[in-house]
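These are my notebook entries on a single chain, written in the order in which I looked things up. I began with one residue and worked outwards from there.

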Amino acid sequence: MAKKPRYIVIHHTAVSYKKNPNQWRATDRFHKSKGWGGGGYNYEISAKGGVHQFRKDGTWTAAQYQKNMNDGRAISICLDGNFDIEEPTDAQKKAVRKLIREKMDAYGIPKKNVLKHRDLAGYKSCPGNRIPEDIYCYFFPSNEGTNVVTLELYKDE
């Protein structure tokens, strides 16, 4: 029986997307070799923004065993890339924003429950040291609370 997801956990493959821009087949093979029955995440996002689903929402994953978070309570989203050395592509950011927003709306997940894998496993850098601590604000930058002014510039004639 599937659980209602209450968290979203972001991962990276730790393999540069410059080496392999679409890694989901490699992830699937690697996870099968570990006996996990295939890709351990719910979703994986390529450097070009393509989204591949491995497992249904609310079902068992093999993405983060810490705090029993593989039991379906977390949606695991992995981005292709090594974010210790590179940044997610604009296409990945756009795709992950859309996917996170869709899952938050569908399951009522609050933004405080959008986590990095390292939040659960402090000994890892996942999803990479280039991803800041406030992952929600990283993917959803906002001008809230700031005074935004638009100026029109004119040339003297």
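**Entry 1: a glycine in a loop.** I looked up Gly 58 and found it buried, with a relative accessible area of 2%. The model is a predicted one, and in it Gly 58 sits in the loop that runs between strand S3 (51–53) and S4. Leaving aside neighbours within four places in sequence, I listed the contacts of Gly 58 as Ala 2, Lys 3, Pro 5, Asp 71 and Gly 72. I also took the C-alpha to C-alpha distance from Gly 58 to Asn 42, which is 8.9 Å for a separation of 16 residues in sequence.

**Entry 2: confidence.** Before going further I checked the pLDDT, which averages 87 over the protein, with 90% of the residues scoring at least 70. Residues 144–157 are a stretch where the pLDDT is below 50, and beyond near neighbours in sequence that stretch has one contact in the model.

**Entry 3: strand S4 and its partners.** How many of the residues of S4 are buried? I counted six of the six, so S4 is largely enclosed by the rest of the structure. Ala 74, Ser 76 and Cys 78 point one way from the strand, while Ile 75, Ile 77 and Leu 79 point the other way, and all of them are buried. In which sense does S1 pair with S4? The pairing is parallel and runs over six bridges, and within S4 it is Ser 76 that stands opposite Val 9. S2 also pairs with S4 in the parallel sense, over three bridges, and here Ile 45 stands opposite Leu 79 of S4.

**Entry 4: the nonpolar cores.** I then looked up the largest nonpolar core, which has 23 residues, and noted that those with the most contacts inside it are Ile 8, Ile 10, Ile 77, Leu 79, Val 96, Ile 100 and Phe 139. At least two residues of this core are supplied by each of strand S1 (7–12), strand S2 (43–45), strand S4 (74–79), helix H2 (90–107) and helix H4 (135–139). The largest share, five residues, comes from H2. For Ile 10 I listed the contacts, not counting residues up to four places away in sequence, and they include Ile 77, Leu 79, Val 96, Ile 100, Cys 126, Pro 127 and Phe 139. There is also a second, separate core of five residues, and Val 9, Met 69, Ala 74 and Leu 115 are among them.

**Entry 5: a histidine in S1.** His 12 has its place in strand S1, and I had to settle whether this side chain is buried or exposed. At 6% relative accessibility, His 12 counts as buried. A polar atom of the His 12 side chain lies 3.1 Å from the backbone nitrogen of Phe 83. Not counting residues up to four places away in sequence, His 12 touches Tyr 41, Cys 78, Leu 79, Gly 81, Asn 82, Phe 83, Asp 84, Ser 125, Cys 126, Pro 127 and Gly 128.

**Entry 6: cysteines and a cis proline.** Why does the model count zero disulfides at Cys 126? The nearest cysteine sulfur, that of Cys 78, is 6.7 Å away, and a disulfide requires the two sulfur atoms to be within 2.5 Å, so Cys 126 is in no disulfide. The count for the model as a whole comes to zero. Cys 126 is buried, with a relative accessible area of 9%, whereas Cys 137 counts as partly exposed at 41% relative accessibility. I also noted that a cis peptide bond joins Cys 126 and Pro 127, with omega at about 10 degrees. Pro 127 has its place in the loop between helix H3 (117–120) and H4.

**Entry 7: backbone angles and a helix residue.** Ala 14, in the loop between S1 and H1, has a positive phi of about 65 degrees although it is not a glycine, and at 42% relative accessibility Ala 14 counts as partly exposed. Lys 67, in the loop between S3 and S4, has a positive phi of about 55 degrees and is likewise not a glycine; at 58% relative accessibility Lys 67 counts as exposed. My last look was at Ser 33 in helix H1 (residues 24–33), which counts as exposed at 59% relative accessibility. A polar atom of the Ser 33 side chain lies 2.6 Å from the backbone oxygen of Phe 30.

Terms used. Residues are numbered from 1 along each chain as its sequence is written. This is a predicted model: local features need pLDDT of at least 70, side-chain atom pairs count only at pLDDT 80 or more; totals for chains, interfaces and linings use all residues. Side-chain values use heavy atoms; hydrogens and water are left out. Buried means under 20% relative accessible area, exposed over 50%, partly exposed in between (1.4 Å probe, protein chains only). A nonpolar core is a set of buried Ala, Val, Leu, Ile, Met, Phe, Trp, Tyr and Cys residues joined through side-chain atoms within 4.5 Å. Helices (H or I, at least four residues) and strands (E, at least two) are DSSP runs, numbered from the N terminus. Contact means heavy atoms within 4.5 Å. pLDDT is the predictor's confidence in each residue, from 0 to 100. A polar contact is a pair of N or O atoms within 3.5 Å; within protein, one must be able to donate a hydrogen and the other to accept it, and residues adjacent in sequence count only if both atoms are side-chain atoms. Two strands pair if DSSP finds at least two bridges between them.
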